[in-house]
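Reader: Please show me the structure and explain the terms used to describe it.

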Amino acid sequence: MARFPVAIITGATRGIGRAIVQELSSHGVCCVMIGSSMESLQSLEMAPPHFKHSQQWHRAISIDLATWPRWTEMSGFPGFEITHVDGKVHQEPTLLSFHDYSFWRDKHNAQYDLKLLVNCAGVTQTTASIRTSTEKMQQLLNVNFMSAVSMCNMFSRRVIRTKKDLEGPAPCIVNISSILGQHQGPIVAGTSIYSASKAAILSYSKVLGVELAPLGIRVECICPGLVPGTDMIKQLDPDTQKKLQTNFELRQPITSSNIASRVWRIFNNDNQNSI
Ligand code: NDP
């Protein structure tokens with residue numbers, strides 16, 4: 001039976017997450033693309049990921065990560081499956097369940113192995129800490145950190161259950177932090193809670209890597225610098241954008257596709273250059 005890798009990508013509707021989906025799908029990976037709502041998933045309907053082989057499928061799933069921990073207690077998440085048959089893209093409703101074995105495997109006479117999780121969903125901060133509401137603080141931590149931790153746990157449990165017979169590169173988690181979360185990273189006013197959430201995911205990833213190594217699961221964390229032109233940067237007030245640009249002026253510009261190819265290299269254990 002043919003076997004194909006499956007990746008879960010959060011933040012898949014736009015920006016960096018979207019570029020990661022394009023990269024992975026162009027290599028034949030089946031992508032489970034997570035966005036916050038059915039509405040935001042419509043962008044994936046209009047410009048679907050690549051199809052490299054006839055048994056490749058993609059699934060767009062809606063989970064509002066800001067509702068953590070409520071979303072972790074839900075049994076299923078609505079979405080749609082995209083397939084490519086006879087040169088045409090087809091779409092049908094589907095329901096993601098982390099507990100349903102058949103969601104992940106055995107379709108079209110092939111076996112699908114969950115191999116990669118990319119935690120890329122993120123929200124940014126647009127005010128100084130003193131002017132940030134408790135709702136905004138909760139959203140920042142729920143999306144950027146707590147949901148990523150729950151995703152890592154759900155992914156690891158599923159992989160451990162099926163790992164015995166996996167082929168190819170070892171299962172892998174890639175968390176997207178930020179240069180603002182690095183200990184020696186730039187300090188930009190107006191990003192305090194965002195930067196703290198990114199520092200948290202960076203530290204978490206280091207320890208998680210040690211915990212999961214004996215179980216054969218790799219964990220990597222990428223800390224990109226400013227990626228100009230993404231929605232996240234456009235949402236910032238002009239002053240913060242200017243400060244960020246000044247901070248990053250001397251660094252080589254990074255693009256979403258640079259980060260996407262880095263994720264693909266990590267997945268393939270080709271870990272030469274870092275961002
Ligand atoms: P964008 O703002 O372009 O996209 C954010 C993504 O996160 C969207 O797919 C969005 O989904 C998803 N998301 C936001 N809130 C939720 C939620 N409540 N539930 C589910 N999904 C949600 O961001 P970027 O592509 O620029 O950034 C991606 C990641 O990279 C982030 O983690 C960011 O912190 C990090 N990063 C970005 C940098 C940059 O310069 N842009 C630099 C360094 C790191 P939806 O469309 O449904 O809202």
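The exchange below concerns helix packing, burial and backbone angles.

Author: This is a predicted model, in which local features need pLDDT of at least 70, side-chain atom pairs count only at pLDDT 80 or more, and totals for chains, interfaces and linings use all residues. Residues are numbered from 1 along each chain as its sequence is written.

Reader: Why are α1 and α8 called oblique to each other?

Author: Helix α1 (residues 15–26) and helix α8 (residues 256–267) pack at an angle of about 50 degrees, with their axes 8 Å apart. Angles under 35 degrees count as roughly parallel, over 145 as roughly antiparallel, 65 to 115 as roughly perpendicular and the rest as oblique. The two helices are therefore oblique.

Reader: How do you know that the span of α1 agrees with its number of residues?

Author: The expected span is 1.5 Å times one less than the number of residues. For the twelve residues of α1 this gives 16 Å, and the end C-alpha atoms are 17 Å apart, which agrees.

Reader: What makes α1 largely enclosed by the rest of the structure?

Author: A residue is buried if 20 or more other C-beta atoms lie within 10 Å of its own, exposed if 12 or fewer, and partly exposed in between. Ten of the twelve residues of α1 are buried, so the helix is largely enclosed. Among them are Ile16, Arg18 and Glu23.

Reader: Why does aspartate 86 count as buried or exposed?

Author: Aspartate 86 has 6 C-beta neighbours inside 10 Å and therefore counts as exposed. Aspartate 86 lies in the loop between β4 and β5 (88–96), and its phi is positive, about 50 degrees, although it is not a glycine.

Notes. Axes are lines fitted to C-alpha atoms, for helices over the stretch in contact, and angles run from 0 to 180 degrees between N-to-C directions. Helices (H or I, at least four residues) and strands (E, at least two) are DSSP runs, numbered from the N terminus.
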